[in-house]
Every structure is written in structure tokens, then in C-alpha cells.
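Dear colleague,

I am passing on to you the structure we spoke about, with the sequence alongside. Please look through it first, and then read the notes that follow.

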Amino acid sequence: MAIILDGKALSEKMMAELKNRVDALRAKGKTIGLSVILVGENPASQVYVRNKGKACEALGIRGDTILLPEQTTQEELEALIIKLNRDDGVDGILVQLPLPKHLDETKALRLIVPEKDVDGFHIENAGKLFTGQEGVAACTPKGILAMLKAWNVPLSGKEAVVIGRSNIVGKPVAMLLLNENCTVTICHSRTADLAAHTRRADILVAAVGKPRFVTADMVKPGAAVVDVGINRVDGKVVGDVDFESVEKVAGYISPVPGGVGKMTICMLMENVIEAAEKKVC
Ligand code: NAD
């Protein structure tokens, strides 16, 4: 049976450490603020935003959620981002994705000043990650790496296979693994013979968005399998990995829920605290 990469337990431990950093900043008279912009009424986004608010509250970070109506214009959204960029009390700005279809996501994200881009989606931060410079790394990829490291999963020289090439998960996690000296393969919807790739993987990251997509026959015995997927099936949240069959083959496996999702929020909090710390120094 695989060792469980318990994101819930790890994130609780990390949150306690983060609380100390918040307290240290507060002792210097610095308060920390995160502004989350939510446009429209996407139910999944509402849950994510609520969870981010709860994490802020637990750490003593001021978390403002700014709710904008579905019909918000690009100009209105941009004006708000500019206002928050200039607001000294705001250390981090997060635009909850996806935005309603009529809004230009790329343009909105680019407008956030890179220092306050706590999601790590700004082109400057993405570029820094790709060129090995210090910047803000995207929260989910950063959380995946933190989890692998916490369980001492060997990375250097190992084969890592990432299924998914999105800008928010697949590509940045591939870069982080490359920076750890893994030999990285990125698979996607046009990959021929996916299982031939995944069966070589010492580290397999599934970020597909398809319930129970990765099955035991696709996994190398002893591999570390990280499940990023959040899929709702019959009112239940399931990952991209068929946990029941894969846990019998894998060496390590992250559960859903209680895996990567918990780490993502924890890394967001870390990015906000880091932004505030940089301002103080
Ligand atoms: P996305 O839809 O942008 O990307 C999915 C990727 O899967 C694409 O690159 C596509 O090429 C690939 N893909 C689709 N079908 C495939 C197939 N048959 N074979 C191989 N590759 C295939 O999704 P995303 O934003 O990267 O998110 C992926 C999943 O992770 C979703 O379930 C999402 O909800 C979840 N997610 C979780 C967290 C978290 O904190 N746990 C954060 C972000 C996303």
C-alpha cells in the first residue's frame, strides 16, 4: 500500500509556521492584506474564495473579498486592479479564475503589479520561473513540490511525467520539477500512447480534470502519484487518479480531498506573507 501524501496534515503544520511569520510582522506593526476579486456567481469559485477567506482569518491576515456582478466590464475590473495596486494596505491581489467569458483574463492578470501577484500568474513571475529567477511561484505547483519534499521523495535524476499543460498547473509544475533536476515529460490531450509515458514515471502528476483518469495499469510500481484533479461526481469530489486501484501500485499517493487542494491554499498564504515581508525589509 502506498504512503499517503497527506496534504491536510502537512498544510496544518505549515500553517502553524506561517502564523509565526504573521505574528512577527504584526509585532513590527505591519498588518497583512489580501484582496480577492470574484466576478460573477460560479459556485466552485465561491467555495474556493470562502476557503481562502477562512485561511486568512486563521492566520490573522486581512482578507477582503470583492464581489463584482457577472456583467462587470473589462474597464471596471481593470480600474479596481489599478486601485488595489496603489493601495499600501494590500499586499496580495488575486483575481479568482475563471472570469466570465466576456472578460479578458490575460489582460487582467497582467495588470496586477508582479509584487502583489500572489497567484504567480503574471507573465513576469511565470517568466522568472521559466528562467530560474526568484519570483512568485504559482500556488498549486509550489504545493505539489512542498509535498514531495516533505516526504523526501527522490527528485534529482528521476523521471517526472506531468499530465496536463495548463498555465496554472501543468507547465509551472513541470518547470519546478525540472529545476529539481528531474527529467520531465509533459503529456497532454494530443499525446500518443499516454500510458507508455506514465509507466516510466517515478513521479506522476495528474492535472487533467477527468475523474479517475489515471488507473493502476498506467503507473510504475513504487511511483509517487500526485493527484491535482478536482472533479464533482454525484455530489462527491474525486480526483484525476483512481485512488483505489493506484494506491496498491504506487509508492506514494496524494488523496482527493485532503491532498493538493489543502497545499494550494497554504502556499497562497505563504505567497501573501512573503509579499508583505519583502515590503518590510
Ligand atoms: P485545464 O483544463 O486547463 O488543463 C487540462 C489539461 O489536461 C490540458 O492541458 C489537456 O491537454 C490535458 N488533457 C485533457 N485530456 C487529456 C487526455 N485524454 N490525455 C492527456 N491529457 C489530457 O485544467 P487545469 O486548470 O490544469 O486543472 C486540471 C485539474 O486540476 C482540474 O480538475 C482542476 O479542477 C484541478 N485543479 C486543482 C487545483 C488544486 O488546488 N487542487 C488547482 C488548480 C486546478
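**What was found**

The domain assignment of this protein, which is a predicted model, gives domain 1 as residues 28-113 and domain 2 as residues 139-261. The C-alpha centres of domain 1 and domain 2 lie 29 Å apart. In secondary structure, the protein contains 10 helices and 11 strands.

On overall shape, the radius of gyration of the protein is 19 Å, which agrees with the value near 19 Å that a compact globule of 281 residues would have. The C-alpha trace spans about 50 × 45 × 40 Å along its principal axes. Of the 281 residues, 50% count as buried, and the accessible surface comes to about 13,300 Å², with 54% of that surface belonging to carbon and sulfur atoms. Among the contacts with a separation of 6 or more, 71% are accounted for by residues 24 or more positions apart. As for charge, the protein carries 35 positive and 35 negative side chains, and the centres of these two sets lie 1 Å apart.

**Helix 3 and Ile81**

Within domain 1, which covers residues 28-113, a residue to look at is Ile81, found in helix 3 (residues 74-86). Ile81 has a relative accessibility of 0% and therefore counts as buried, the cut-off being under 20%. Not counting residues up to four places away in sequence, Ile81 touches Ile37, Ile93, Val95, Ala108, Leu111 and Ile112. Of these, Ile93 and Val95 can be read beside strand 4, which runs over 92-95, while Ala108 and Leu111 can be read beside helix 4, which runs over 105-111. Leu94 is 13 residues from Ile81 along the chain, and the C-alpha atoms of the two are separated by 9.4 Å.

**Helix 7 and its surroundings**

In the part of the chain assigned to domain 2 (139-261), helix 7 (residues 170-179) has 7 of its 10 residues buried, so this helix is largely enclosed by the rest of the structure. The buried residues are Gly170, Pro172, Val173, Ala174, Met175, Leu176 and Leu177. Their cover includes three strands, namely strand 5 (159-163), strand 6 (183-187) and strand 7, together with helix 5 (123-130) and helix 6 (139-150).

Leu178 is also placed in helix 7, but at 41% relative accessibility Leu178 counts as partly exposed, because that value falls between the 20% and 50% cut-offs. Leu178 and Ala276 are 98 residues apart in sequence, and their C-alpha atoms are 28 Å apart in space. Helix 7 is followed by Asn181, which is found in the loop between helix 7 and strand 6 and has a positive phi of about 70° although it is not a glycine.

**Other backbone features**

A positive phi is also found at Asp193, where the value is about 50° and the residue is again not a glycine. Asp193 lies in the loop between strand 6 and helix 8 (194-198), and with a relative accessibility of 53% it counts as exposed, since the cut-off for that class is over 50%.

Two cis peptide bonds deserve a mention. One joins Leu97 and Pro98, with omega about 0°, and Pro98 is found in the loop between strand 4 (92-95) and helix 4 (105-111). Another joins Val256 and Pro257, with omega about -5°, and Pro257 has its place in the loop between strand 11 (252-253) and helix 10 (260-280).

**The loop that holds Arg212**

Finally, Arg212 lies in the loop between strand 7 (203-206) and strand 8 (224-227). At 40% relative accessibility, Arg212 counts as partly exposed. Which residues does Arg212 contact, leaving aside its neighbours within four places in sequence? They are Val238, Gly239, Asp240, Val241 and Asp242. Phe243 is 31 residues from Arg212 in sequence, and the C-alpha atoms of the two are 7.4 Å apart in space.

With best wishes

Methods
Residues are numbered from 1 along each chain as its sequence is written. This is a predicted model: local features need pLDDT of at least 70, side-chain atom pairs count only at pLDDT 80 or more; totals for chains, interfaces and linings use all residues. Side-chain values use heavy atoms; hydrogens and water are left out. Helices (H or I, at least four residues) and strands (E, at least two) are DSSP runs, numbered from the N terminus. The radius of gyration is taken over C-alpha atoms; the globule rule is 2.2 Å times the number of residues to the power 0.38. Buried means under 20% relative accessible area, exposed over 50%, partly exposed in between (1.4 Å probe, protein chains only). Contact means heavy atoms within 4.5 Å. Accessible areas come from the Shrake-Rupley method with a 1.4 Å probe; for residues, only the protein chains shown count as cover. Lys and Arg count as positive and Asp and Glu as negative; His and the chain ends are not counted. The place of a charge is taken as NZ of Lys, CZ of Arg, CG of Asp or CD of Glu. Domain bounds come from an automatic or database domain assignment.
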